[in-house]
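Please find below my note on this structure, written for a colleague who has not met it before. I have set it out as numbered points that can be read alongside the model.

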Amino acid sequence: MPQHTVRSLLKVDAFIDGNWIPSEQRFSVYNPANGELIAEVCDADPALAERAIDAAYKALGPWQAKTAKERAELMRAWYQAIVANKQALGELMSREQGKPIAEAVGEIEYGASFIDWFAGEAERHHGEVLARSAADKRSWISKQGIGVCTAITPWNFPNAMITRKVAPALAAGCTIVVKPAQLTPLSALALMQLAAEVGIPQGVINMLPSSQAKAIGKVLTEHPRVRKFTFTGSTEVGKQLMAQCSSGMKKVSMELGGNAPFIIFDDADLDLAIEQLLAAKFRNAGQTCISVNRVLVHDSIISEVEQRLLRALAELQVGPGDKEGIDYGPLINQAAIDKAQKLQQQAVDAGAKVLCGGDVLHQLGPLFYAPTLITAVTPTMAISQEEIFAPILALQQFNSEAEALELANATPFGLAGYFCSSDYRRIARVAEQLQCGMLGINAGAISHAYNAFGGVKESGIGVEGSSLGLAEYQVTKTITLGGFE
Ligand code: SIN
């Protein structure tokens, strides 16, 4: 198994048809912890995107012709190479994205687990033999890889959001072109180095770093050879990309924005509730689509919850990703800081109170935001309606189960939801009524390759991971064979 260092995994060119393709035009990648320039990366243009799609198209037939076992074995070799190099991959990710190295290594393992899982699914998937509709005929449904797929992935999970799309595509017999986020292309390119080393055939996966999001997005969604497009990012951009896919009637899956409620009922085990709330909120400094956005607390326990959170937040360690023992690192860029401050200020102007934090930790650098607790938040404030994507806990109060449900569901989004209760009847009732694609009950960590990740309402279409994730990359074909006696 090749053993890499961060340096040997640092690739800066596009990866097309198994080759590293440089370009004159390049863009810069910086470390958000200290502003250090890490690399100048190939800035792929639409012509390179077309070349990548052609490569994926050329690779499709031979990849589809492999047996499921052959595909699964190549995927498992890639999985093993990633796990064997998780430390170097994690350090590289921490440098470009900012998350603590331990959390970054955790993401590498999480990302790799999708490859392992879908290698298994490649071998297990099957069609259906249908009931006989006529004496002289036999019919069955076969499931086939849809063809060339394209993907656009975000900066908050620079590894796992790629593997969660690429792995089911490969398992289904598809080939793929990915545009990783401009802010974090290095983790994506390192994955390509390992894929090449273990023998994933040329053209099966192609990686297009680029700063030209709109122009590349147009090619990836409109090119006639593309049959499926998948995106993780904001709802606003997802809607535009989906509209672009419609002219070619391409299959889409979209993992979009959320506005997760975390309800703490008066019968909750508060030790557990606070622990799970912190896990769900402060992962990746609050920069996850399933991060808690609105904490809804029964008014009889609000003071107790505030006091417990104040004590817990005082313990959180913030710092650069390569420092031991930190809980979270910098936000991704100045725009993220500006957004957090704006949402917080608007809330305060409308009557909310900052109980702790609320500031940039200038002694650490311009992108470090203090663990922040805001109370007396109301549903009409922008902080309750927009994704915060920062380490800010915004507390609202409710008085009854019905009110909690009404508040929780009063959003066009429906990605994740969470609640804490010890009453099994309430658990059943609330679980049925919360409008979300993923629900944590007394649990704040809900992501796993075995689980179906996806939202309802404007949070997206389709799921990733789980036994359902493969179908997003397949088409069904009903076959009828006649001429029987
Ligand atoms: C995301 O924030 O989009 C992904 C989070 C996860 O997979 O847990």
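The points that follow take up the pocket, the cavities, the salt bridges, a surface patch and two long-range pairs.

1. This is a predicted model, in which local features need pLDDT of at least 70 and side-chain atom pairs count only at pLDDT 80 or more, while totals for chains, interfaces and linings use all residues. Residues are numbered from 1 along each chain as its sequence is written, and side-chain values use heavy atoms, with hydrogens and water left out.

2. The largest pocket has a volume of about 1200 Å³, and of the 40 residues that line it, W155, F231, G233, S234 and V237 are the closest to its centre. A pocket here is an open set of points on a 1 Å grid over the protein atoms alone, with protein on both sides within 12 Å along at least five of seven lines, and a lining residue has an atom within 4 Å of a point. The volume is the space filled by probe spheres set on the points, which are joined across faces, edges and corners.

3. At least two residues of this lining come from each of α8 (213-222), β10 (226-232), α9 (235-246) and α12 (334-349), and α9 gives the largest share, six residues. Helices (H or I, at least four residues) and strands (E, at least two) are DSSP runs, numbered from the N terminus. By class, the lining of the largest pocket holds 17 nonpolar, 16 polar and seven charged residues, where Ala, Val, Leu, Ile, Met, Phe, Trp, Tyr, Cys and Pro count as nonpolar, Asp, Glu, Lys and Arg as charged, and the others, Gly among them, as polar.

4. The structure also holds four cavities of 30 Å³ or more, a cavity being a set of grid points where a 1.4 Å probe fits but cannot get out. About 90 Å³ of space lies in the largest cavity, and of the 14 residues that line this cavity, F157, M161, R164, C289 and F453 lie nearest its centre. The lining of the largest cavity divides into seven nonpolar, four polar and three charged residues.

5. Side chains of opposite charge can pair when their charged atoms come close. With a salt bridge taken as a side-chain nitrogen of Lys or Arg within 4 Å of a carboxyl oxygen of Asp or Glu, the count comes to 20 salt bridges. One of them joins R26 to D13, with the closest N and O atoms 2.8 Å apart; R26 belongs to strand β3 (residues 26-30) and D13 to the loop between α1 (6-9) and β1 (14-16), so that the pair, 13 residues apart, links distant parts of the chain. R26 is partly exposed at 30% relative accessibility, whereas D13 is buried at 16%, where buried means under 20% relative accessible area, exposed over 50%, and partly exposed in between (1.4 Å probe, protein chains only).

6. Which parts of the chain does the salt bridge between R426 and D267 tie together? The side chains of R426 and D267 meet at 2.7 Å, N to O, and because R426 lies in helix α15 (residues 424-433) while D267 lies in the loop between β12 (260-264) and α10 (270-282), the pair ties together parts that are 159 residues apart in sequence. R426 counts as buried at 13% relative accessibility, and D267 as partly exposed at 23%.

7. A salt bridge within one helix is formed by R308 and E304, whose closest N and O atoms are 2.7 Å apart. Both residues lie in helix α11 (residues 302-315), four residues apart, about one turn of the helix. R308 is partly exposed at 23% relative accessibility, and E304 is partly exposed at 36%. Elsewhere, D266, D267, E401, R426 and R429 are joined into one network by salt bridges that share partners.

8. On the surface, V129, W140, L481 and F484 form a nonpolar patch with about 380 Å² of accessible area together. Patches are made of residues with over 30% relative accessible area and no salt bridge, with like charges joined within 9 Å and nonpolar side chains (Val, Leu, Ile, Met, Phe, Trp, Tyr) within 5 Å. Accessible areas come from the Shrake-Rupley method with a 1.4 Å probe, and for residues only the protein chains shown count as cover. F484 is found in the segment after β22 (474-481) and is partly exposed, with a relative accessible area of 32%.

9. Two pairs give a sense of distance across the model. A408, in helix α14 (residues 401-409), is buried at 3% relative accessibility, and A408 and C174 are 39 Å apart in space, C-alpha to C-alpha, with their positions 234 residues apart in sequence. E50, in helix α2 (residues 46-65), is partly exposed at 39%, and E50 and Y328 are 278 residues apart in sequence and 39 Å apart in space, C-alpha to C-alpha.
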